Amino acid sequence: MDLFEKISNNLGPLGQHHKWSHGYFSFPKLEGEIGPHMKFRGKEHLVWSLNNYLGLANHPEVREADIQGSIDYGLAYPMGARMMSGNSNHHEALEQDLAAFVNKEDAFLLNYGYQGMVSIIDALVDRNDVIVYDAESHACIIDGVRLHMGKRFVYQHNDIESCRKQLERATKLIEQTGGSILLITEGVFGMSGAQGKLKELGELKKEYPFRMLVDDAHGFGTMGETGAGTHEAQNCNDAVDIYFGTFAKSMAGIGAFVASKEEIVTFLRYNMRSQTFAKSLPLPMVVGLRKRLELLKSHPEFRERLWNIATTLQKGLRERGFDIGTTDTVITPVFLKGDLTEATSLTMDLRENYGIFCSIVVYPVIPKGLIELRLIPTAMHSLEDVQRTLEAYTEIGKKLKDGYYKQQNLVHT
């Protein structure tokens with residue numbers, strides 16, 4: 001069978017209902033706020049799929065910093081990798097501010113979160129080392145683990161006893177190889193919204209010799225008393241040896257950072273291939289990120305507003321009988337029973353007839369027979385948005401139960 005034909009056959013109903021098109025969303029011009037209401041194919045929708053937790057994407061001070069950075073430096077500078085001609089005082093200042101904020105000695109800016117995590121893992125381990133990682137780790141962690149030329153053991157999601165067993169195996173192995181153990185987990189798991197058990201995993205250091213790398217993409221800016229991250233929320237800073245955060249969620253930007261002891265960060269600066277051989281973050285983005293971090297630290301009300309929206313939404317969904325899993329963060333998954341055809345029809349109904357846009361998650365990300373509608377609250381949402389969504393979900397939940405979505409071609413009403 002031809003490769004393209006095989007791909008087409010494997011798409012099934014998903015390919016029929018979800019054809020990508022140019023210009024999915026149209027954003028308002030700069031004179032208006034970028035809130036959760038956007039136009040999709042000419043119709044206004046309430047959107048729950050935005051990487052803008054704290055509402056900083058279009059904050060006036062952020063806009064001003066982004067614009068001034070572009071005026072001062074253009075989009076090209078600095079024109080080189082950090083180790084060559086791509087460094088600046090702004091890059092170093094942002095690194096120092098980030099390190100202090102997440103309570104680590106030093107930090108290193110990364111061009112992108114995904115490739116950054118892949119490259120961190122690649123740089124930290126060699127063939128004599130063993131990786132132990134959570135079964136529901138993000139794809140960037142999985143890809144980083146795949147590069148590892150040594151052994152890797154996976155433990156059941158957030159299961160401390162399962163992790164202990166894998167650490168026992170890893171410890172026996174490194175006694176033979178002379179290597180080390182790297183344990184990898186997430187601060188907040190992006191699909192379920194559950195926190196990684198950082199404090200409990202840290203306690204295992206009393207029994208096993210390992211270092212912990214935490215991907216806190218969703219926790220940075222949202223978790224903890226000051227928003228410093230999930231390690232702050234769980235009061236276990238010392239348990240986390242290498243902390244990874246992105247600018248793509250709470251900071252509504254591009255790029256990421258890794259923070260740790262000074263000697264570890266220095267090692268990564270000179271050994272992360274994705275940074276050594278790539279152009280550094282453009283100066284306008286770095287200048288804008290400094291302003292974003294300043295606002296994140298100085299305006300706790302943004303985080304308070306986010307949590308108010310999230311807890312109100314989650315409470316309302318539970319009261320209406322919806323399964324939102326084990327989330328204890330702002331990420332709000334809604335788990336429903338149904339097949340792929342029902343999932344795509346339901347999503348289309350929600351989008352076209354209720355004007356609500358949210359992410360749909362199906363197999364193989366979650367087990368067959370389940371549908372996940374993932375809601376990402378932001379500080380820009382309102383309680384009216386929450387109420388509208390709860391009412392819509394009540395109706396689509398009843399339709400799903402009554403078999404309404406078993407039709408393959410849902411007609412827009």
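Begin by selecting helix H11, residues 283-298, in this predicted model, and then show what covers its buried residues, which includes helix H2 (60-73), helix H3 (89-101) and helix H12 (300-319). Buried here means under 20% relative accessible area, with a 1.4 Å probe and protein chains only, and among the residues of H11 that meet this are Leu283, Pro284, Val287, Lys291 and Arg292. Helices are DSSP runs of H or I with at least four residues and strands are E runs of at least two, numbered from the N terminus.

Residues are numbered from 1 along each chain as its sequence is written. Local features need pLDDT of at least 70, side-chain atom pairs count only at pLDDT 80 or more, totals for chains, interfaces and linings use all residues, and side-chain values use heavy atoms, with hydrogens and water left out.

Next, select the open sheet of 3 strands, which runs in the order S11-S14-S13 with antiparallel pairing, where two strands pair if DSSP finds at least two bridges between them. Its edge strands are S11 (332-337) and S13 (359-361), each of which pairs on one side only. Between S11 and strand S14 (residues 370-375) there are 6 bridges, and phenylalanine 335 can be found opposite glutamate 372 in S14. Now add helix H13 (residues 340-354), which packs on the sheet and touches S11, S13 and S14, contact being heavy atoms within 4.5 Å.

Key
The expected span of a helix is 1.5 Å times one less than its number of residues. Buried means under 20% relative accessible area, exposed over 50%, partly exposed in between (1.4 Å probe, protein chains only). Axes are lines fitted to C-alpha atoms, for helices over the stretch in contact, and angles run from 0 to 180 degrees between N-to-C directions.
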